[in-house]
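Reader: I would like to go through this structure with you and ask, for each term you apply, what the term rests on.

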Amino acid sequence: MCLAWPHAAVWIVAIVGGAAAAARAGTLRRVGATAAVVVAPFALWALVIHGLFFPEGHTVLASFGPARVTVEGLAYAGGFVLRTAALVVVMLAFSVWVDIAVLRVALLRRGVPAPLGYVLASALGLASTVAERMWRIREAQEARGLVVRPGPGGRILAARLQALPLVLALVDEAGERATALDARGQRLPGPLTSYVDEPDSAVQRVLRWALAAACVGIVGSVVVRAVAEALAGGAG
């Protein structure tokens, strides 16, 4: 919806909806902090590139040599940041809220191949895995005498010292998981048995069909509009 309908109202509704879902799940603070970390670099980049060097800007608010602050550039940068924030908030709210084990079972029962289901589920749980692993590495380094100084400089230095052991730990864990998956027969053909129950109420089924219908309607609106514009251009 955020990509098909390029309107600020759509992006604001998506942000509010994602924030409301996160608040209901008790994860609003976590989602907000993570979204701010992700969106802030995009906002800075959009302000520098589009806010100061927008070639189609005509209403100049201020100029600094080759850089010009224009109303059109700020509007374009604001829309870009707002759309990015909407996508990030919705995806973070879902990834933090969803039960990875239940999601994987649901994918397997609906015919998704076991390796692909595992990859999709693992991708959603990657953020929490990295955060937990980073916290353990920091605790181990502090126990050996690492002092994290206050301020951005101290945190950047600590992150640089933690990056290498984090990458090595994730690579080693990926190898262990691959061995475990092979031992459990994830690549074997045929149905797989899971010890995790998948709750599937009538409300969930109705919601899934409603979301599927909404997706078809959104895609259809874009396709119909594009075809209509193409036919109108050809007739003209």
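The conversation below moves from the overall fold to the hairpin, the aromatic pairs, the largest pocket and a few single residues.

Reader: What does the secondary structure of the protein come to, and in what order do the elements run?

Author: This is a predicted model, and its secondary structure comes to 8 helices and 2 strands. From the N terminus on, the elements run α-α-β-β-α-α-α-α-α-α. Of the 236 residues in the protein, 24% are buried.

Reader: Why are strand 1 and strand 2 called paired?

Author: Pairing requires at least two bridges between the strands, and 4 bridges join strand 1, residues 60–64, to strand 2, residues 67–70, so the two strands count as paired. They run antiparallel, and within this arrangement Ala 62 has Val 69 as its bridge partner in strand 2. The hairpin has 2 residues between the strands, and Gly 65 takes a positive phi near 65 degrees there.

Reader: How many aromatic pairs does a search of the whole structure find, and what makes the pair of Trp 45 and Phe 80 tilted?

Author: The search finds 2 aromatic pairs. In one of them, Trp 45 and Phe 80 lie 5.3 Å apart, centre to centre, with 55 degrees between the planes. The centres must lie within 6.5 Å for a pair, while planes under 30 degrees apart would be stacked and those over 60 edge-to-face, so the rings of Trp 45 and Phe 80 form a pair and the pair is tilted.

Reader: Why can this pair be said to tie together parts that are apart in sequence?

Author: Trp 45 belongs to helix 2, residues 28–52, whereas Phe 80 belongs to helix 3, residues 71–97, so the pair ties together parts that are 35 residues apart in sequence. Trp 45 also lies 8.9 Å from Ala 77, C-alpha to C-alpha, although the two are 32 residues apart in sequence.

Reader: Which of the words buried, partly exposed and exposed applies to Trp 45, and which to Phe 80?

Author: Buried means under 20% relative accessible area and exposed means over 50%. Trp 45 has 42% relative accessibility and therefore counts as partly exposed, whereas Phe 80, with a relative accessible area of 19%, is buried.

Reader: What makes Phe 94 and Trp 97 an aromatic pair, and where do they lie?

Author: Their rings are 6.2 Å apart, centre to centre, with 50 degrees between the planes; the distance is within 6.5 Å and the angle is neither under 30 nor over 60 degrees, so the pair is again tilted. Both residues lie in helix 3, where they are 3 residues apart, about one turn of the helix. An α-helix has 3.6 residues a turn, so residues three or four places apart point the same way. Phe 94 has a relative accessible area of 36% and is therefore partly exposed, while Trp 97, at 56%, is over the 50% cut-off and so counts as exposed.

Reader: What is the volume of the largest pocket, and which residues are closest to its centre?

Author: The largest pocket has a volume of about 1,500 Å³. It is lined by 31 residues, and those closest to its centre are Phe 94, Trp 97, Leu 207, Arg 208 and Leu 211. Helix 1, helix 3, helix 4 and helix 8 each supply at least two residues of the lining, and the largest share, 9 residues, comes from helix 8. By type, the lining divides into 23 nonpolar, 3 polar and 5 charged residues.

Reader: Why is Ser 95 called buried, and what does its side chain reach?

Author: Ser 95, which is found in helix 3, has 16% relative accessibility, which is under 20%, so Ser 95 counts as buried. Its side chain reaches the backbone oxygen of Leu 92 at 3.1 Å, a distance within the 3.5 Å cut-off for a polar contact.

Reader: Which residues of helix 4 are buried, and what is found just after helix 4?

Author: The buried residues of helix 4 are Leu 103, Arg 104, Val 105, Ala 106 and Leu 107. Just after helix 4, Gly 111 takes a positive phi of about 90 degrees.

Key
Residues are numbered from 1 along each chain as its sequence is written. This is a predicted model: local features need pLDDT of at least 70, side-chain atom pairs count only at pLDDT 80 or more; totals for chains, interfaces and linings use all residues. Side-chain values use heavy atoms; hydrogens and water are left out. Rings of Phe, Tyr and Trp (its six-membered ring) pair if their centres lie within 6.5 Å; planes under 30 degrees apart count as stacked, over 60 as edge-to-face and the rest as tilted. Buried means under 20% relative accessible area, exposed over 50%, partly exposed in between (1.4 Å probe, protein chains only). On a 1 Å grid over the protein atoms alone, a cavity is a set of points where a 1.4 Å probe fits but cannot get out, and a pocket is an open set with protein on both sides within 12 Å along at least five of seven lines; lining residues have an atom within 4 Å of a point. Grid points are joined across faces, edges and corners, and a volume is the space filled by probe spheres set on the points. Ala, Val, Leu, Ile, Met, Phe, Trp, Tyr, Cys and Pro count as nonpolar, Asp, Glu, Lys and Arg as charged, and the others, Gly among them, as polar. A polar contact is a pair of N or O atoms within 3.5 Å; within protein, one must be able to donate a hydrogen and the other to accept it, and residues adjacent in sequence count only if both atoms are side-chain atoms.
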